[in-house]
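Reader: Hello! I am new to protein structures and would love a close look at one single part. Could you take me through the disulfides?

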Amino acid sequence: MAACGAARAALLLLLGAAAAPSPVRGSQGDREPLYRECLSRCDRRNCSGAALSAFRARQPLYMALAGWSCRDDCKYECMWLTVRLYLQRGHRVPQFHGKWPFSRFLFFQEPASAFASFLNGLASFIMLLRYKAAVPPASPMYPTCVAFAWVSLNAWFWSTVFHTRDTAVTEKLDYFCASAVVLHSVYLCCVRTLGLQRPALISIFRAFLLLFLACHISYLTLVRFDYGYNMAANAAIGLLNVAWWLRWCLRNRPRLPHVWKCAAVVLLLQALALLELLDFPPLLWVLDAHALWHIGTIPLNVLFYSFLMDDSLYLLKANSDLLKAD
């Protein structure tokens with residue numbers, strides 16, 4: 001019951017924080033006078049009075065349902081006008097509002113990242129079903145692994161939504177839910193490596209992680225939405241997670257042959273994270289470094305859940321053998 005209450009409190013915190021206003025990012029492209037003049041002109045001509053009614057009448061239903069407004073359409077058209085001018089003059093492709101220009105597909109703002117996020121979520125859901133079918137609830141790690149799967153599914157859902165439609169609310173939900181996954185991975189590691197015989201320690205550590213998440217979200221929401229701080233905080237927690245899992249894998253490799261899967265996932269995730277440093281304009285205006293990162297994590301999701309299944313079954317058997325011995 002305490003875990004359920006904590007989960008409900010965390011959900012309310014996430015939703016409340018996401019609804020709070022956040023600062024607007026500025027980039028070279030949206031500071032360009034040509035872009036600003038184009039946007040102002042388009043807004044005057046198309047987004048008021050009869051022109052706005054005409055826009056709404058011809059706008060596809062799926063675009064309206066996804067929340068694309070007349071001003072959003074103006075931003076999109078003026079963005080490409082500015083990009084074409086930059087390319088004609090031999091300049092580098094600029095970013096707009098903190099993002100590269102992407103070619104929209106239907107209502108998908110970043111088609112490759114949105115599709116890859118969806119595939120990650122689908123892989124996580126299928127592997128959760130496989131886990132629940134293969135592992136009895138009596139396994140010591142069963143509730144922690146299932147909770148981790150649902151936290152991950154929630155994060156991939158909001159990642160899909162954010163890359164489909166970037167708004168202040170969807171951006172925050174994507175960032176905050178990603179932080180929750182990183183923290184839950186640390187919690188999962190702690191339960192597996194230290195907590196099976198120390199439930200009191202796990203209760204304290206869980207409370208600490210929930211408090212840290214609450215403080216993290218509160219700072220980003222109430223004080224300053226600092227992208228640099230958010231990245232540094234997640235990177236630091238991620239490195240702790242990597243070091244902790246790898247140390248455990250190395251120590252238990254002789255007696256637990258399945259730990260290679262965990263070690264491989266941890267190391268490959270770090271290698272994939274280097275893609276984020278490349279940050280290049282999207283290939284064919286669709287595929288950027290972030291999309292490649294999301295594509296690369298799909299098979300790693302499958303491999304990690306495979307490790308969780310093997311490890312949970314091992315613990316179940318070990319408990320059963322211990323009871324028989326007693």
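Reader: What is the torsion about the S-S bond of Cys-38 and Cys-78, and is the disulfide left-handed or right-handed?

Author: Happy to help! First, this is a predicted model, in which local features need pLDDT of at least 70, side-chain atom pairs count only at pLDDT 80 or more, and totals for chains, interfaces and linings use all residues. Residues are numbered from 1 along each chain as its sequence is written, and side-chain values use heavy atoms, with hydrogens and water left out.

Now your pair: the torsion about the S-S bond of Cys-38 and Cys-78 is about -80°, so this disulfide is left-handed. Cys-38 lies in helix α3 (residues 33–46) and Cys-78 in helix α6 (residues 70–88), so the bond ties together parts 40 residues apart in sequence. Helices here are DSSP runs (H or I, at least four residues), numbered from the N terminus. The two sulfur atoms sit 2.1 Å apart; a disulfide is a pair of cysteine sulfur atoms within 2.5 Å. Cys-38 and Cys-78 are buried, meaning under 20% relative accessible area (1.4 Å probe, protein chains only).

By this rule there are three disulfides. Another joins Cys-42 and Cys-74, with sulfur atoms 2.0 Å apart. Cys-42 is in α3 and Cys-74 in α6, so that pair ties together parts 32 residues apart in sequence. Cys-47 and Cys-70 are also joined, S to S 2.1 Å. Cys-47 lies in the loop between α3 and α4 (49–58), while Cys-70 belongs to α6. With bonded cysteines counted along the chain, the pattern is 1-6, 2-5, 3-4.

How values were computed. Helix = DSSP H or I, 4+ residues; strand = E, 2+ residues; numbered from the N terminus. Buried < 20%, exposed > 50% of the residue type's maximum accessible area, 1.4 Å probe, protein only.
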